[in-house]
Amino acid sequence: MLHWEPDRDGVRVRTPQGTYAAARLIITVGPWAGDLVPSLATRAVPERQVLLWAQPLRPERFQPATFPVFNMESPEGRFYGFPVYGVPGFKIGKYHHRLERTDPGAVDREIHPEDEMVLREGIRRYFPDADGPTMAMKTCLFTNTPDEHFILDRHPEHPNVAIAAGFSGHGYKFCSVVGEIMADLALGGRSAFDLSLFEIRRFTAT
Ligand SMILES: Cc1cc2nc3c(=O)[nH]c(=O)nc-3n(C[C@H](O)[C@H](O)[C@H](O)COP(=O)(O)OP(=O)(O)OC[C@H]3O[C@@H](n4cnc5c(N)ncnc54)[C@H](O)[C@@H]3O)c2cc1C
């Protein structure tokens, strides 16, 4: 989608393949939310994240049967990670890795020594038995809202446009219920769930 605009009968959506007319539209474009809904640009903010897979020194301690998926508050910040599963490495990331807001179209996909340092510090301090060689590192994007709760709502000015955005690094596990909510918002204008936590106007109400 290159552009959307309301018209008398609903919404017109322009794409490289052509222009489509629809009665209703759901916008779920992840880090690009602020491009397609400008009022969200300061409320759904893309942030560069980095993940690291380390070769454990004691692999037997990092197997799914002995080591949990974790999400851990620490004085240095919040680390998350997984046991060795699928690929032979212990996976770790840190929320708000290096506090790098970014343009989703121009993300720095290079891995820098500073990226490794952030995650290595967490491994050394909290998982010393995983402190073997780095096997791989990757970048990805989170799209954060100010309170890190999702945006699941209808557009404040165009109620036939529904928006799901700002999943703040924890949207994947909710995708089935989010799909149901967005279908209900688009088709009937409301959801059976209480969505007050996810309304767009919470950012202007205070
Ligand atoms: C490394 C990493 C680990 C994560 N781990 C977890 C986890 O363990 N648990 C969890 O719950 N969540 C996790 N998340 C977060 C989760 O992936 C996101 O919250 C979720 O994917 C957000 O969904 P979304 O649909 O908003 O965006 P996306 O998944 O980014 O999807 C948006 C889609 O819109 C498309 N798009 C963008 N612009 C346009 C356009 N103009 N026209 C058409 N299409 C467009 C994009 O190509 C993309 O396919 C993780 C994220 C990352 C990066």
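Student: How many salt bridges cross the interface of domain 1 and domain 2?
Tutor: The rule finds 1 in this predicted model.

Student: What does Arg78 pair with?
Tutor: Arg78 forms a salt bridge with Glu148. Their closest N and O atoms are 3.8 Å apart. The cut-off is 4 Å, so the pair counts.

Student: And how many residue pairs are in polar contact across that interface?
Tutor: There are 3, with both residues at pLDDT 80 or more. On the side of domain 1 that touches domain 2, the classes are 4 nonpolar, 4 polar and 2 charged residues.

Student: Where do the domains run?
Tutor: Domain 1 is 3-44 + 147-205, and domain 2 is 47-144, by the domain assignment. The contact takes 10 residues from domain 1 and 9 from domain 2. The C-alpha centres of the two domains lie 30 Å apart.

Student: What area is buried between them?
Tutor: About 810 Å², with 55% of that from carbon and sulfur atoms. On the domain 1 side, Pro31, Glu148 and Ser168 supply 51% of the area buried against domain 2, more than any other three residues.

Student: Switching to the ligand. Which residues come nearest?
Tutor: Of 17 residues around the ligand, Met1, Cys140, Gly171, Tyr172 and Lys173 do.

Student: Which ligand atom does the backbone of Met1 approach?
Tutor: A nitrogen atom, at 2.8 Å from a backbone N or O of Met1. Ligand oxygen atoms come in elsewhere: one lies 2.9 Å from a backbone N or O of Gly171, and a polar backbone atom of Lys173 has a ligand oxygen at 2.8 Å.

Student: How much of the ligand does the protein bury?
Tutor: The protein buries 59% of the 1,000 Å² that the ligand exposes alone.

Technical notes: Residues numbered from 1 in each chain as written. Predicted model: local features only at pLDDT ≥ 70, side-chain atom pairs only at ≥ 80, totals over all residues. Heavy atoms only, no water. Domains from an automatic or database assignment. Contact = heavy atoms within 4.5 Å. Buried area = accessible area lost by both parts, 1.4 Å probe. Salt bridge = Lys/Arg side-chain N within 4 Å of Asp/Glu carboxyl O. Polar contact = N/O pair within 3.5 Å; in protein donor to acceptor, adjacent residues only side chain to side chain. Nonpolar A, V, L, I, M, F, W, Y, C, P; charged D, E, K, R; others polar. Near = heavy atom within 4 Å. Areas by Shrake-Rupley, 256 points an atom, 1.4 Å probe, with all protein chains shown as cover.
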